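These are my notebook entries on a single chain with a bound ligand, written down in the order in which I looked things up.

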Amino acid sequence: MAVRKDTIFERFLAPVVKTFLIDQEGLRRFYESIDWQTASDRLSDTGLIYPAYYSSQNFHGIEGGYLNVSAAVSYDPITQYALPPGETLVRQGLLDAIQSKPRRILDLGCGTGSTTLLLKQAFPHAEVIGLDLSPYMLVVAEHKAQQAGLNIQWRHGNAEQTGLPEASFDLVTASLLFHETPPAVSQAILQESYRLLTVGGEVAILDGNQKMLRQTEWLTQIFEEPYIQAYAGGNVDAWMGAARFEAVHTQEWWWLHQITRGIKPLPYQTVEFGSATDVERGDRQWAMG
Ligand SMILES: C[S@@+](CC[C@H](N)C(=O)[O-])C[C@H]1O[C@@H](n2cnc3c(N)ncnc32)[C@H](O)[C@@H]1O
């Protein structure tokens, strides 16, 4: 994977730095401290095929979107301003929505790992995996985890089709992912989450408040997000229901954000009662022996 190290800072990062009043020298030091080619090659799955919605678009005004090292370097400095009233507070909402004590956690579209790190800190005994399509975002995530002394696995993959085994996680999360994907992709990701969860496992989604975004179109244009208007027109609750999650609940979070939680229910089973056929929950059948 070619990384044009010489010009990237001037072409992409300098304008971002000026717009968002970011510590330019700090950003430059961080950018130059990493051998992006080697680090991203190490984390890359060379057989991975990028979906067209992802590789064909610019995100946040950066050419090549997340497949450009600049997106990874500038992501955290910009995101701190993009999540009022405060980034950690907003992310903490997702953690507070989790009702179980998970042992295996998968964070889809983990990006630079800000939520993934919080998950590992909240559930230190859990095995935590962060998965993302961008090897550069994963490089930053790995760096942050190492700095924090946290043991997290980073995986280059597509959240629509992770290739991970069925029923292998008891918590699947996604923060700030669905406003970046077309609604059909978000729904495919929820179906994949359902497949990956154990029965009774939880899914928790943090993202922009769809109701609010529908009323404030100008907000959807600020950050140059190609799919955010389609996201705003959709309904995560309905997508969760279509993916067969139950006990689905969305709460508004600090007006601008929303957190949706659901669980993977026990499977429906066909149970014979005398001559009648009834559809019952598996737990009833098991209780009857
Ligand atoms: C806005 S960032 C959010 C990152 C992180 N979850 C956070 O809360 O800061 C969206 C991330 O989703 C990733 N992404 C988009 N589509 C994806 C997909 N189909 N599978 C995995 N990652 C995806 C992008 O590469 C990017 O890192």
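**Entry 1: R155.** I began with R155, which I found in strand β3, residues 153-156. I am working from a predicted model throughout. I counted 17 other C-beta atoms within 10 Å of R155, and R155 is therefore partly exposed, since the buried class begins at 20 and the exposed class ends at 12. Setting aside the neighbours within four places in sequence, I found R155 in contact with I129 and L131. I also looked up the distance from R155 to S134, which is 21 residues away along the chain, and the C-alpha atoms of the two are separated by 9.7 Å.

**Entry 2: the chain as a whole.** I then stepped back to the overall figures, and noted 14 helices and nine strands in the chain. Of the 289 residues, 38% are buried. For contacts between residues at least 6 apart in sequence, I noted that 69% join residues at least 24 apart.

**Entry 3: the ligand shell.** Which residues are closest to the ligand? I listed 21 residues around the ligand, with Y66, G109, G111, A159 and S175 as the closest. By class, the shell holds nine nonpolar, nine polar and three charged residues. Among the elements that each supply at least two residues to this shell I noted α7 (114-122) and β2 (127-132).

**Entry 4: α7.** As α7 contributes to the shell around the ligand, I looked at α7 in its own right. Its buried residues are S114, T115, T116, L117, L119 and K120, and I noted that the elements covering them include α5, α6 (87-97), β1 (104-108), β2, α8 (135-148) and β4 (169-175).

**Entry 5: α6 against α7.** How do α6 and α7 lie relative to each other, oblique or parallel? Their axes come within 10 Å and cross at roughly 50°, and α6 and α7 are therefore oblique to each other. I recorded the crossing of α6 and α7 as right-handed. On the α6 side R91, L94 and L95 take part, and they meet S114, T115, L118, L119 and A122 of α7. Sorted by class, this contact of α6 with α7 has five nonpolar, two polar and one charged residues. As a reminder to myself on spacing, an α-helix has 3.6 residues a turn, so residues three or four places apart point the same way. I noted that S114, T115 and L119 of α7 appear in this contact and also in the list of buried residues of α7.

**Entry 6: α5 against α8.** I next took up α5 and α8, which pack at an angle of about 40° with their axes 7 Å apart. That angle makes α5 oblique to α8, and the crossing of α5 and α8 is right-handed. The contact is made by V69, A71, A72 and Y75 of α5 together with Y136, M137, V139 and V140 of α8. When I divided the residues of this contact by class, I had eight nonpolar, no polar and no charged.

**Entry 7: G65.** Is G65 buried or exposed? I located G65 in the loop between α4 (52-55) and α5 (69-82), and, because 21 C-beta neighbours lie inside 10 Å, G65 counts as buried. I also checked G65 against E225, 160 residues apart along the chain, and their C-alpha atoms are separated by 9.9 Å.

**Entry 8: backbone geometry.** What kind of peptide bond joins P84 and P85? I noted a cis peptide bond there, with omega about 5°, and P85 is found in the loop between α5 and α6. I then looked up two residues with positive phi that are not glycines, beginning with A247, where phi is about 50°. A247 sits in strand β6, residues 246-253, and with 12 other C-beta atoms within 10 Å A247 is exposed. The other is W255, whose phi is about 65°, and which lies in the loop between β6 and β7 (257-263). With 11 C-beta neighbours inside 10 Å, W255 counts as exposed.

Methods: Residues numbered from 1 in each chain as written. Predicted model: local features only at pLDDT ≥ 70, side-chain atom pairs only at ≥ 80, totals over all residues. Helix = DSSP H or I, 4+ residues; strand = E, 2+ residues; numbered from the N terminus. Near = placed C-beta within 6 Å. Nonpolar A, V, L, I, M, F, W, Y, C, P; charged D, E, K, R; others polar. Contact = placed C-beta atoms within 7 Å. Axes fitted to C-alpha atoms, helices over the stretch in contact; angles between N-to-C directions. Parallel < 35°, antiparallel > 145°, perpendicular 65-115°, else oblique. Left-handed = near helix turned anticlockwise from the far one by under 90°.
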